[in-house]
Amino acid sequence: MSFFESILNNINDAIVVFDTKGRLVYINKAGEESLGRSYRELRDRKFNSIFYNIPDIVEIIQKTLSEQRSFRKSATHLNNTDDAEIDIRTSLIFDESTKENDVDKIREIKGVILSMRENTSFATPEDYHFDSLLYLLSSIAHEIKNPLSGIKGACQLLLKDEMFKNNECLSMILKETDRLNKVLQNYLTITKRPIMNEINIHEVLEHSTKVLHSDFVSNKIRLVKSYDPSLPDILGDESKLLQVFINVLKNAIEAVSERTKGREIVITTRVSNDYVMVYDVENTCNTKEAKRQRWLIVTIRDNGKGIDQEQIKKIFLPFYTSKKEGSGLGLALSKKIVKDHGGIIKVKSKKLEWTQFNIYLPLRMVKRDE
Ligand SMILES: Nc1ncnc2c1ncn2[C@@H]1O[C@H](COP(=O)(O)OP(=O)(O)OP(=O)(O)O)[C@@H](O)[C@H]1O
Ligand SMILES: [Mg+2]
């Protein structure tokens with residue numbers, strides 16, 4: 001392997017090169033991994049047959065060849081199972097013997113380079129909003145907790161007094177303070193860090209479907225599980241991840257229940273084909289540090305009422321709800337838990353047709369000999 005080839009194989013972006021007729025002449029290792037095909041299989045194949053299921057890529061290569069300039073595009077799906085958003089860009093390879101400023105000669109084109117990168121950055125613009133809201137929420141909860149304990153204590157004292165022993169108002173105050181305390185406790189746990197242990201994600205998923213078993217049965221929902229049995233154990237907080245799966249599944253149950261028939265929820269687990277570049281944005285300064293990461297992906301897809309594009313931007317915000325009885329905290333809590341695991345939660349939806357949540361958890365191999 002040449003020095004340049006080993007450089008290309010160590011780049012995290014997928015690089016694919018086509019000649020001027022659009023036939024594949026080179027693909028690097030990251031490219032083979034993300035397409036799930038080897039160079040041998042792909043060599044000499046035309047770009048439109050390789051990317052027949054991704055019209056955006058076919059279009060961008062066609063335009064690069066016909067207009068002879070570079071293009072960039074994002075939000076393209078790499079394949080149906082991965083359903084990932086990728087950034088794609090093209091550039092041209094010129095014949096080295098013709099110089100750019102050689103006005104007499106038209107620069108001869110030798111081919112097109114296509115590069116692709118899965119677009120999964122940690123810090124989305126809404127994250128700042130999200131973090132400050134959660135901070136506000138837990139600070140308020142903290143401030144309310146102490147005076148509430150005072151109210152409860154005073155109430156209990158009064159109830160011991162002969163004069164107020166059976167006072168209904170006092171009993172009601174006591175009951176309501178207990179209820180409020182429970183709500184506050186939930187808010188306060190938001191900021192608690194997860195306790196990491198070696199866990200099997202399928203066991204956690206099975207536990208969550210057991211908890212919701214009666215909801216699946218009473219709503220006549222078909223539950224399809226497509227687990228990858230070869231998934232390794234990961235490091236995670238079992239009870240917190242259980243909460244995430246219950247929250248997301250409960251939303252799915254509520255969404256499909258609006259259908260009259262054919263209600264279905266599909267849970268899929270797999271390892272992502274791609275190494276995803278993760279950009280950790282530090283709070284104090286703006287340095288972006290990228291690291292290579294492999295993911296375990298849990299997908300929960302329902303064929304319920306879907307979410308429209310305006311609404312989808314808000315669903316992870318605390319208190320955002322479209323339901324009469326909803327608190328709007330389910331997804332906010334889930335996002336916080338997944339973030340605390342070093343993961344990402346993403347959603348895609350088609351109004352009136354389906355919704356899909358992808359939960360990316362970092363695949364850190366559990367060290368057995370420690
Ligand atoms: N699978 C889904 N299909 C359609 N809409 C969804 C789905 N999941 C979430 N949503 C939308 O996102 C909103 C926020 O969800 P979230 O779980 O945070 O709160 P909630 O379900 O309204 O209330 P809570 O979870 O506290 O009972 C929901 O009100 C709903 O509008
Ligand atoms: Mg919910």
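How many bridges join β9 to β12, and do these strands run parallel or antiparallel? In this predicted model, where local features need pLDDT of at least 70, side-chain atom pairs count only at pLDDT 80 or more, and totals for chains, interfaces and linings use all residues, 7 bridges join β9 to β12, and the two run antiparallel. A word on bookkeeping: residues are numbered from 1 along each chain as its sequence is written, while chains are lettered from A and ligands numbered from 1 in the order in which they are written.

Overall, the protein has 12 helices and 14 strands; these are DSSP runs numbered from the N terminus, with helices being H or I over at least four residues and strands being E over at least two. Of its 370 residues, 27% are buried (20 or more other C-beta atoms within 10 Å of a residue's own; 12 or fewer makes it exposed, anything in between partly exposed, with C-beta atoms placed from the backbone). Among contacts with a separation of 6 or more, 63% are between residues 24 or more positions apart; a contact here puts two C-beta atoms, placed from the backbone, within 7 Å.

Back to the sheet. Five strands make up an open sheet in the order β7-β9-β12-β14-β13, and the pairing is mixed (a pair needs at least two DSSP bridges). The edges belong to β7 (222–226) and β13, each with a single partner strand, so one side of each has no neighbour in the sheet. Direction ignored, neighbouring strands are turned by 15 degrees against each other on average. On the β7 side, 5 bridges tie β7 to β9 in a parallel pair, and Lys 225 has Ile 267 of β9 as its bridge partner. Further in, Val 271 stands opposite Leu 296 in β12.

At the other edge, β13 (residues 344–350) and β14 (residues 354–362) pair in the antiparallel sense over 7 bridges. Ile 345 is matched with Ile 359 of β14, and Lys 350 with Trp 354. The two strands form a hairpin with 3 residues between them, and Leu 352 in the turn has a positive phi of about 70 degrees.

Helix α10 lies across β9 (264–271), β12 (295–302) and β14, at about 25 degrees to β12. The axes of α10 and α12 come within 9 Å and cross at roughly 145 degrees; axes are lines fitted to C-alpha atoms, for helices over the stretch in contact, with angles from 0 to 180 degrees between N-to-C directions. The contact between these helices includes Val 244, Asn 247 and Asn 251 of α10 and Gly 330, Ser 334 and Ile 337 of α12. By class, that contact has 7 nonpolar, 5 polar and 2 charged residues (Ala, Val, Leu, Ile, Met, Phe, Trp, Tyr, Cys and Pro count as nonpolar, Asp, Glu, Lys and Arg as charged, and the others, Gly among them, as polar).

Both helices also turn up at the ligand. Ligand 1 is surrounded by 21 residues, the closest being Asn 251, Ala 255, Thr 321, Gly 326 and Gly 330 (a residue is near if its C-beta atom, placed from the backbone, lies within 6 Å). Helices α10 (238–256) and α12 (330–340) each supply at least two residues of this shell, and α10 gives the most, with 4. The shell breaks down into 8 nonpolar, 10 polar and 3 charged residues.
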